[in-house]
Amino acid sequence: ERVGPIDAGASEAKLVELFGAANVERVSFEVEPGEAVPATTVFANDSTRRAVVLWRDPQARTAPETVLIRGERSLWRTDKGITLGTPLATLRRLNGKPLTLTGFGSDLGGTVLDCNGGSLVEFGQDGPRGIVGRTLVVRVEPDPARRDTAAYQQTIGESELSSDSDAMRTLNPRAYELMVEIRPR
């Protein structure tokens, strides 16, 4: 429903009120190669507070659709304590059941796909028409020093993997991206 004070009724003007004009920047954000959309970044120069807001009405910059947080560490965190750097083992513990995620080695690699009936319902569940109920997308990646290991080689590809697999337990990747979907009013 919100990311800090950023809720469905926010606008770029409201972000300026909340965070100060010096901390709000208009940007063109590349959602996929060759496709950019108008967006707004708050705290662009502070990697621990940076967040990118994608808008439902990008021309007016009103009604946030998604708030994107990327990097190694962040002060932003969910109500359950999930933040950048959160290990997969912690996500699995918070969920109470194994998670399903994509293999590494692609743009969408390490995306948590399904909470499998666990407590982290914001991750969504695989349904007959795709993933349903998702309001939070978390992407994880292992330490780059582990990319030469046999465990990493077992996790490369477009297959779906369990957080309980030996390879995932060995790698214990950490969150590097959070995408919060803000429900419209």
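Start by selecting Glu 177 and Arg 139 in this predicted model: their side chains form a salt bridge, with the closest N and O atoms 2.2 Å apart. Now colour the two strands involved. Glu 177 sits in strand β13 (residues 174-181) and Arg 139 in strand β11 (residues 136-141), so picking this pair takes you across 38 residues of sequence, linking distant parts of the chain. Switch on a surface and check the two ends: Glu 177 is buried, and Arg 139 is buried too.

Next stop, Arg 61 and Glu 12. Show both side chains and you'll find another salt bridge, 3.6 Å from N to O. Arg 61 belongs to the loop between β5 (51-57) and β6 (62-70), while Glu 12 is in helix α1 (residues 12-19); the two are 49 residues apart. Both of these residues are buried. Keep them on screen and add Arg 26: salt bridges with shared partners join Glu 12, Arg 26 and Arg 61 into one network.

Now hop over to Asp 164 and Arg 92. Their salt bridge puts the closest N and O atoms 3.5 Å apart. Asp 164 is in the loop between β12 (160-162) and α4 (166-171), and Arg 92 is in helix α2 (residues 88-95), so this contact ties together parts 72 residues apart in sequence. Is each partner buried or partly exposed? Asp 164 is partly exposed, at 31% relative accessible area, whereas Arg 92 is buried, at 12%.

Want to keep going? A search of the whole structure turns up 11 salt bridges, including the pairs Glu 177–Arg 139, Arg 61–Glu 12 and Asp 164–Arg 92.

How values were computed. Residues are numbered from 1 along each chain as its sequence is written. This is a predicted model: local features need pLDDT of at least 70, side-chain atom pairs count only at pLDDT 80 or more; totals for chains, interfaces and linings use all residues. Side-chain values use heavy atoms; hydrogens and water are left out. A salt bridge is a side-chain nitrogen of Lys or Arg within 4 Å of a carboxyl oxygen of Asp or Glu. Helices (H or I, at least four residues) and strands (E, at least two) are DSSP runs, numbered from the N terminus. Buried means under 20% relative accessible area, exposed over 50%, partly exposed in between (1.4 Å probe, protein chains only).
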